[in-house]
Amino acid sequence: MAYTLQAILARSGALSEPQLDQLKLVPLLGGVDLIPLSRDALKAYALPFLPLTDEGQQDLPSTLAELCERLSVQGQVAYVEAEFFGGAGTQARALYSEGKAVGPVVVSDSAINEALRYIGVDKGGAADEFDAIGLGQHRNTDGWLT
């Protein structure tokens, strides 16, 4: 079974409605907000689909980096993507704060958990931060909008 995720994550309240423009905000467990970069959002903002995990790029394309920079002016945000099929796959993350990238883009098996720790997620009694906020709830990014 396939799993894909392309989203921006932030602590609840870190993003304001005017910043979001046409993007949707989905509240998750643990005080985290998710902005799903759905097919419609990718088209509206001329963003690429999974540029790090699917296309193998080393850096975020400028349109995606600019969106993350704009959204991070008021707080920390994390751009994340994941692509899995039949148990094999990978994850990536890019971190932003105060309108700037924080460190390099990372592609690794733990990239999303690292991003979640960056924005302050504590796994508590869950297996990891990914499970603590319920990111396995939907199998693809568009599922977060239903």
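This is a short walk through one protein chain, from its overall build to a few individual residues.

Okay, morning everyone. Before anything else, please keep in mind that what you see is a predicted model.

Let's start with the whole chain. It has five helices and seven strands. If you read along the sequence, the order goes β-α-β-β-α-α-β-β-β-β-α-α. So how does the radius of gyration sit against what a compact globule would have? For 146 residues, such a globule would come out near 15 Å, and this chain has 14 Å, so the two agree. Along the principal axes, the C-alpha atoms fill a box of roughly 35 × 35 × 35 Å.

On burial, 50% of the 146 residues count as buried. The accessible surface adds up to about 7100 Å², and carbon and sulfur atoms account for 51% of that. For those of you who think about charge, there are 10 positive and 19 negative side chains. The centres of those two sets lie 3 Å apart. And on contacts: take the ones between residues at least 6 apart in sequence, and 53% of them join residues at least 24 apart.

Now the strands. Let's begin at β1, which covers residues 2-11. Eight of its 10 residues are buried, so call it mostly covered. Which strands does β1 pair with? One is β4, running antiparallel to β1, with nine bridges joining them. If you want a spot to look at, A7 has V80 in β4 as its bridge partner. Another is β3, residues 32-36, again antiparallel, with five bridges. There, I8 stands opposite I35. A7 pairs into β4, while I8, the next number along, faces β3. As a reminder, side chains in a regular strand alternate between the two faces of the sheet.

From β4 we can step on to β5. Those two are antiparallel as well, with nine bridges, and Y79 is partnered with A94 in β5. β4 and β5 make a hairpin with two residues between them. Have a look at G86 in that turn, where phi is positive, about 60°.

Next up, helix α4, residues 111-118. How many of its eight residues are buried? Six of them, so this helix is mostly covered. The buried ones are A111, I112, N113, A115, L116 and Y118. And what covers them? The list includes β1, β4, β5, β7 (106-108) and α5 (129-132). So the strands we just went through, β1, β4 and β5, turn up again here as cover for α4. Just after the helix there's another glycine to point out: G120 takes a positive phi of about 100°.

Last stop, I133. You'll find I133 in the segment after α5. Is I133 buried or exposed? The cut-off for buried is under 20% relative accessible area, and I133 has 1%, so it counts as buried. What does I133 touch, once you leave aside neighbours within four places in sequence? It is in contact with L28, L29, V32, L116 and V121. Two of those names link back to what we've covered: L116 is one of the buried residues of α4, and V32 falls in β3, which spans residues 32-36. One more number for I133: M1 is 132 residues away in sequence, and 21 Å away in space, C-alpha to C-alpha.

That's my tour. Happy to rotate the model for anyone who wants another look.

Key. Residues are numbered from 1 along each chain as its sequence is written. This is a predicted model: local features need pLDDT of at least 70, side-chain atom pairs count only at pLDDT 80 or more; totals for chains, interfaces and linings use all residues. Side-chain values use heavy atoms; hydrogens and water are left out. Helices (H or I, at least four residues) and strands (E, at least two) are DSSP runs, numbered from the N terminus. The radius of gyration is taken over C-alpha atoms; the globule rule is 2.2 Å times the number of residues to the power 0.38. Buried means under 20% relative accessible area, exposed over 50%, partly exposed in between (1.4 Å probe, protein chains only). Contact means heavy atoms within 4.5 Å. Accessible areas come from the Shrake-Rupley method with a 1.4 Å probe; for residues, only the protein chains shown count as cover. Lys and Arg count as positive and Asp and Glu as negative; His and the chain ends are not counted. The place of a charge is taken as NZ of Lys, CZ of Arg, CG of Asp or CD of Glu. Two strands pair if DSSP finds at least two bridges between them.
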